[in-house]
Amino acid sequence: RKMSSFRAVQPETRADRASKSDKTTLEKSRLLERRENFSRYEDIGVPQVPTQAAVGFMSDADRFHTDTAGEEKGVRDGNVQRREQKFENKRNQFLDREEGRWNNMEEQREMEQQKLEVLQNSSKGTRNHSSVAYDALTLEYHATPAGQQQQFEDNMTQYRAGIRTEKLHRYGSGDGYNPITGAELQPLALPRRPDHIF
C-alpha cells in the first residue's frame with residue numbers, strides 16, 4: 001500500500017490549547033522539554049506523595065483503616081505465635097540434643113563391648129588370670145574342667161604322699177616294734193586312689 005505524501009499531525013486537545021495560552025504552564029512545558037548542556041529533566045512526581053517502593057508508602061486502604069481492635073488482635077496473635085514457635089524450637093533442640101546424647105552413650109557402650117571382646121580373645125586378657133584353677137582366698141576349685149583337673153592332681157599328690165609314708169613306715173619298723181617304747185607298730189592304712197574325672 002502506498003503511503004500518503006502529507007504529514008499527519010496529532011490534533012491538539014482543548015487542554016493543550018489552553019496550556020499554550022497560560023504563561024506558567026507554557027514555561028513549565030518548555031522546562032520539561034529542554035535538553036541543552038547534557039542535562040535532562042526527570043519528573044519525580046509530587047514530592048509529598050511517596051512512591052510504592054518508598055519506605056513510607058502506604059496505600060489508601062491501609063491509611064484509612066479503622067479496625068484498630070482487629071489490628072491489635074493481630075499483633076497479639078503474632079506475639080503468641082512467635083512465642084509458641086520459640087518454645088517449639090527449644091523443645092526440638094532439647095529433643096535433638098537428648099537423642100544425640102543417648103546415641104553417643106550407646107555408641108560408646110558398643111565400642112567398650114567390642115574392646116572388651118577383643119581383649120578377652122587376645123593374650124592381653126589373660127595377664128591378670130590366676131595360673132591355678134582355684135580361688136586363692138577360699139581355696140575352692142573352679143567349677144570348670146581345669147578346676148576338676150587341678151583337684152585330681154592335688155588328690156594324686158596326697159595319694160602318692162600317703163603311699164610314700166606307708167612305705168617309709170614299713171621299711172623303718174624293723175621287727176615291727178618301737179625301739180623306745182617296745183610297743184608293737186601298727187601298719188598304716190593305705191589311702192584310696194582318687195578317680196580321674198574326665
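This report describes the fold, the surface and two individual residues of a predicted model of a protein chain.

The secondary structure of the protein chain consists of 5 helices and 0 strands, and reading along the sequence gives the pattern α-α-α-α-α. Among the contacts in the protein chain with a separation of 6 or more, 28% join residues that lie 24 or more positions apart. The protein chain has 198 residues, of which 6% count as buried, while its accessible surface comes to about 18900 Å², with 52% of that area belonging to carbon and sulfur atoms.

On the surface, Asp62, Asp67, Glu71 and Glu72 together form a negative patch. One of these residues, Asp67, sits in the loop between helix 3 (60–63) and helix 4 (68–121). Asp67 is classed as partly exposed because its relative accessible area is 42%, a value that falls between the limits of 20% for buried and 50% for exposed.

Gln150, by contrast in location, belongs to helix 5 (residues 145–172). Gln150 counts as buried because its relative accessibility is 17%, and buried means under 20%. When residues up to four places away in sequence are not counted, Gln150 touches Ala133, Tyr134 and Tyr141.

The two residues are set out below by their accessibility.

| Residue | Relative accessible area | Class |
|---|---|---|
| Asp67 | 42% | partly exposed |
| Gln150 | 17% | buried |

Methods: Residues are numbered from 1 along each chain as its sequence is written. This is a predicted model: local features need pLDDT of at least 70, side-chain atom pairs count only at pLDDT 80 or more; totals for chains, interfaces and linings use all residues. Side-chain values use heavy atoms; hydrogens and water are left out. Patches are made of residues with over 30% relative accessible area and no salt bridge: like charges are joined within 9 Å, nonpolar side chains (Val, Leu, Ile, Met, Phe, Trp, Tyr) within 5 Å. Accessible areas come from the Shrake-Rupley method with a 1.4 Å probe; for residues, only the protein chains shown count as cover. A salt bridge is a side-chain nitrogen of Lys or Arg within 4 Å of a carboxyl oxygen of Asp or Glu. Lys and Arg count as positive and Asp and Glu as negative; His and the chain ends are not counted. The place of a charge is taken as NZ of Lys, CZ of Arg, CG of Asp or CD of Glu. Helices (H or I, at least four residues) and strands (E, at least two) are DSSP runs, numbered from the N terminus. Buried means under 20% relative accessible area, exposed over 50%, partly exposed in between (1.4 Å probe, protein chains only). Contact means heavy atoms within 4.5 Å.
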